[in-house]
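Got your viewer open? Here is a walk through one structure, stop by stop, with what to select and what you'll find there.

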Amino acid sequence: MKQGFIPALGTPLDENGYLLSGSLQAQTERMLDAGCCAVLCMGSMGQQAFIRTGETFKAAKAVVEQVRGRVPVFVGAMDCSIQRARERMEEMEAYALDAFVFTTPYYHSCTRDEVINYYKSVAAYTKHGIVLYDLPTTTQTKITYDMVVEMKKEIPNLIGIKTNDMQLLRKLKLTGEVPDDFLCCFSGLDVFDIGYKWGLTNYLDGMISCTPHNFQMLDQAMKSGDFSAAAVYLSNVVSLRDFFAANNLWPCFSAAMNMLGWPGNFAPDYCTGITPETVEKVRAEMVRIGEL
C-alpha cells in the first residue's frame, strides 16, 4: 500500500440515530482530496461500538461507493464473539472493500490462545483481508509480537495490524518474520513524526477526520524530509485533541466536524452536549490551526 495517512472516519447520524450518508460521503471525498492512502470506516471514532447495527452496514456501503476503488477501504467489524463478528461480515461480504478490521473481543480479557482462535475463526469466514486492531486500553487484551508472527503463518488473509505500540511495529519491520507488504499502521498520534523516521509511514487516527488540512501538510512535509514543518502541523492536531479531551471530547469532535461542513451528530447518543461558549472555543481552535 502507498505510504501516508489513513483517516478513521467519523459517522454522522441524525437525531434518531440514522446515518446521514451524504454527510459521510462528503467527508470521505475531502479525505481523498487531502491525499489519504486509505480510509477506515467504522473504527473507534466511527462509533462502530455504539450505533445501530444496520447503520454500520449502510455506512460501509456509502464509503465504498464514494471511494470507487481509488484507495483501499477498511471496515471495522469488531464484536465480542466469533458468531457475532461473522454476522457482521456476512452482511458486507459482497462490498468492494479491502479488509475487515478487528479488535480482540472486548467484554472480557482473553488468553493468548483465545485471541489466536478468534482471529483464525473470523478470518476463515471472509474472502477479504483481515487487519488486527490492537487496543488494549479498551479490550483489556494486548496483541503481542509473537501472536502476530504466529497468526501471519496460519491466517493467509491477515494483511496487517493497527497499533500505537511503536516497538511492536518496529520489530515487525526489522526482523523479517512478516512480509514486506504487511501493513504496519501506527496510531500513536503524539509521535507520528518520530514513528515516520523509524519507517512507520502508514499512520491512522480519528483526529485526521477533523484536521484534513493539517494532515495533508504534515504528510507532504514528512515525505519531503521537512520534519520541522511536520512538527508544527502535528502539534496543531495534538493541541486540538487535548482541547477536545479537556472540554468533553466527543461533542467537541462533533462540533468541529459540523464546522467543516458535515452535518450530523458524530458522538455517542449518551453524550451530554457542550455550551455555546465551548462551541465558539472549538471554532477558535479550528481557526487557529488553519482548518477554518
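## Stop 1: a greasy patch

Start by selecting I194, which counts as partly exposed because its relative accessibility is 37%. Keep in mind as you click around that this is a predicted model. I194 sits in helix α8, which covers residues 192-197. Now add V191 and W198 to the selection: together with I194 they make a nonpolar surface patch of about 230 Å².

## Stop 2: two helix pairs

Show helix α1 (residues 21-34) and helix α2 (residues 53-67) as cartoons; they pack at an angle of about 45 degrees, and their axes are 9 Å apart. That angle makes α1 oblique to α2. If you want the handedness, the crossing of α1 and α2 is right-handed.

Next, switch to helix α3 (residues 82-92) and α4, whose axes come within 10 Å and cross at roughly 30 degrees. Angles under 35 degrees count as roughly parallel, and α3 and α4 are therefore roughly parallel to each other. The crossing of α3 past α4 is right-handed.

## Stop 3: salt bridges

Time to turn on side chains. Side chains of opposite charge can pair when their charged atoms come close. How many salt bridges are there to find? The count comes to 16 salt bridges, and three of them make good stops.

**R88 and D79.** Select R88 and D79, and you'll see a salt bridge with the closest N and O atoms 3.0 Å apart. Is R88 buried or exposed? R88 counts as buried, because its relative accessibility is 9%. Its partner D79 counts as buried too, at 4% relative accessibility. The cut-off for buried is under 20% relative accessible area.

**E150 and R112.** Move on to E150 and R112, another salt bridge, where the closest N and O atoms are 2.6 Å apart. This pair links distant parts of the chain: E150 belongs to helix α6 (residues 145-154) and R112 to helix α4 (residues 112-123), 38 residues apart. With a relative accessible area of 24%, E150 is partly exposed. R112 is partly exposed as well, its relative accessible area being 31%.

**E280 and R283.** For a local pair, select E280 and R283, which form a salt bridge with the closest N and O atoms 3.6 Å apart. Both lie in helix α12 (residues 276-288), three residues apart, or about one turn of the helix. E280 has a relative accessible area of 43%, so it is partly exposed. R283 is partly exposed at 35%.

Before leaving the charged side chains, select R112, D113, D146 and E150 together: salt bridges that share partners join these residues into one network.

## Stop 4: two odd backbones

Which residues have a positive phi although they are not glycine? Two to look at are Q140, with a phi of about 70 degrees, and N248, with a phi of about 85 degrees.

Zoom to Q140 in the loop between α5 (136-139) and α6. Q140 is partly exposed, with 49% relative accessible area.

Then jump to N248, in the loop between α10 (227-246) and α11 (249-259). N248 is partly exposed, its relative accessible area being 29%.

## Stop 5: two distances to check

Go back to helix α5 and pick out P136, which lies in that helix. At 28% relative accessibility, P136 counts as partly exposed. Now add T103 and draw a distance between the C-alpha atoms: P136 and T103 are 8.8 Å apart in space, with their positions 33 residues apart in sequence.

For the last stop, follow the chain into the segment after α12, where you'll find L292. L292 is partly exposed, with a relative accessible area of 39%. How far in space is L292 from L19, C-alpha to C-alpha? The two C-alpha atoms are separated by 25 Å, while L292 and L19 are 273 residues apart along the chain.

Conventions: Residues are numbered from 1 along each chain as its sequence is written. This is a predicted model: local features need pLDDT of at least 70, side-chain atom pairs count only at pLDDT 80 or more; totals for chains, interfaces and linings use all residues. Side-chain values use heavy atoms; hydrogens and water are left out. Patches are made of residues with over 30% relative accessible area and no salt bridge: like charges are joined within 9 Å, nonpolar side chains (Val, Leu, Ile, Met, Phe, Trp, Tyr) within 5 Å. Accessible areas come from the Shrake-Rupley method with a 1.4 Å probe; for residues, only the protein chains shown count as cover. A salt bridge is a side-chain nitrogen of Lys or Arg within 4 Å of a carboxyl oxygen of Asp or Glu. Helices (H or I, at least four residues) and strands (E, at least two) are DSSP runs, numbered from the N terminus. Buried means under 20% relative accessible area, exposed over 50%, partly exposed in between (1.4 Å probe, protein chains only). Axes are lines fitted to C-alpha atoms, for helices over the stretch in contact, and angles run from 0 to 180 degrees between N-to-C directions. Angles under 35 degrees count as roughly parallel, over 145 as roughly antiparallel, 65 to 115 as roughly perpendicular and the rest as oblique. A crossing is left-handed if the near helix is turned anticlockwise from the far one by less than a right angle, and right-handed if clockwise.
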